[in-house]
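Student: Can we walk through this one together? I'd like to know what sits behind each label.

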Amino acid sequence: MSLIIRINKIIETYAKNPTIFARELDLNPETVRKICNGKTKDPQISFIVKIKNKYPDINLDWLITGEGEMLKRAKRLEPFCERCIEKEGQIHLLKDLLTKKDTKIDTLNQQVGELIQKLQSCDCNEDKKKDVG
């Protein structure tokens, strides 16, 4: 992958277009467009330094040589991401359990309501029997 392609990838990731990228680096947009289009074959070192200073997560080895990953922290984040995926699964399981618990509570509340109505109707019938007797 050429330096120009790597620069375009940075623009795509961080700035979305060369004009915004130029503004963020305090550069002339036309200069950045020429670099992105390959009209400027070898950008000046000051351009690379501006990228390094603006985007400290960029792996400078990757930017200059194409070796390694684009981001410095990519490898350090992987174990964290695996833990997040595991935790996300646990969260999903707990949400399912809470939903089932809520459904069970609703069912029990409905049954309690029905039993209260039955008891009230029985009490009324008992009261009527006492009144008659």
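Tutor: Sure, starting with the rings: the structure holds three aromatic pairs. Bear in mind that this is a predicted model, where local features need pLDDT of at least 70, side-chain atom pairs count only at pLDDT 80 or more, and totals for chains, interfaces and linings use all residues. Residues are numbered from 1 along each chain as its sequence is written, and side-chain values use heavy atoms, with hydrogens and water left out.

Student: What makes Y14 and Y55 an aromatic pair, and why is it called tilted?

Tutor: Rings of Phe, Tyr and Trp (its six-membered ring) pair if their centres lie within 6.5 Å; planes under 30 degrees apart are stacked, over 60 edge-to-face, and the rest tilted. Y14 and Y55 sit 4.6 Å centre to centre with 35 degrees between the planes, so they pair and count as tilted. Y14 is in helix α1 and Y55 in the loop between α4 (45–54) and α5 (60–65), 41 residues apart. Helices here are DSSP runs (H or I, at least four residues), numbered from the N terminus.

Student: How do you know whether Y14 and Y55 are buried or exposed?

Tutor: Buried means under 20% relative accessible area, exposed over 50%, and partly exposed in between (1.4 Å probe, protein chains only). Y14 has 29%, so Y14 is partly exposed; Y55 has 6%, so Y55 is buried.

Student: And why is the pair of F21 and Y55 called stacked?

Tutor: F21 and Y55 have 5 degrees between their planes, at 5.9 Å centre to centre, so the pair meets the stacked cut-off. F21 lies in helix α2 (residues 18–24), so the pair ties together parts 34 residues apart in sequence. F21 is buried, with a relative accessible area of 0%. Y14, F21, F47 and Y55 form one aromatic cluster.

Student: What puts the buried residues of α4 on the same side?

Tutor: The buried residues of α4 are F47, I48 and I51. They cover an arc of only 100 degrees around the axis, so they share a side of α4; the arc is that of the directions from the helix axis to the C-beta atoms. These buried residues pack against α1, α2, α3 and α5 (contact means heavy atoms within 4.5 Å). The face turned away carries the exposed I45 and N53.

Student: Last one: why is α1 called oblique to α3?

Tutor: The axes of α1 (residues 3–15) and α3 (residues 29–36) come within 9 Å and cross at roughly 125 degrees. Axes are lines fitted to C-alpha atoms, for helices over the stretch in contact, and angles run from 0 to 180 degrees between N-to-C directions. Under 35 degrees is roughly parallel, over 145 roughly antiparallel, 65 to 115 roughly perpendicular, and the rest oblique. That makes α1 oblique to α3.

Terms used. Helix = DSSP H or I, 4+ residues; strand = E, 2+ residues; numbered from the N terminus.
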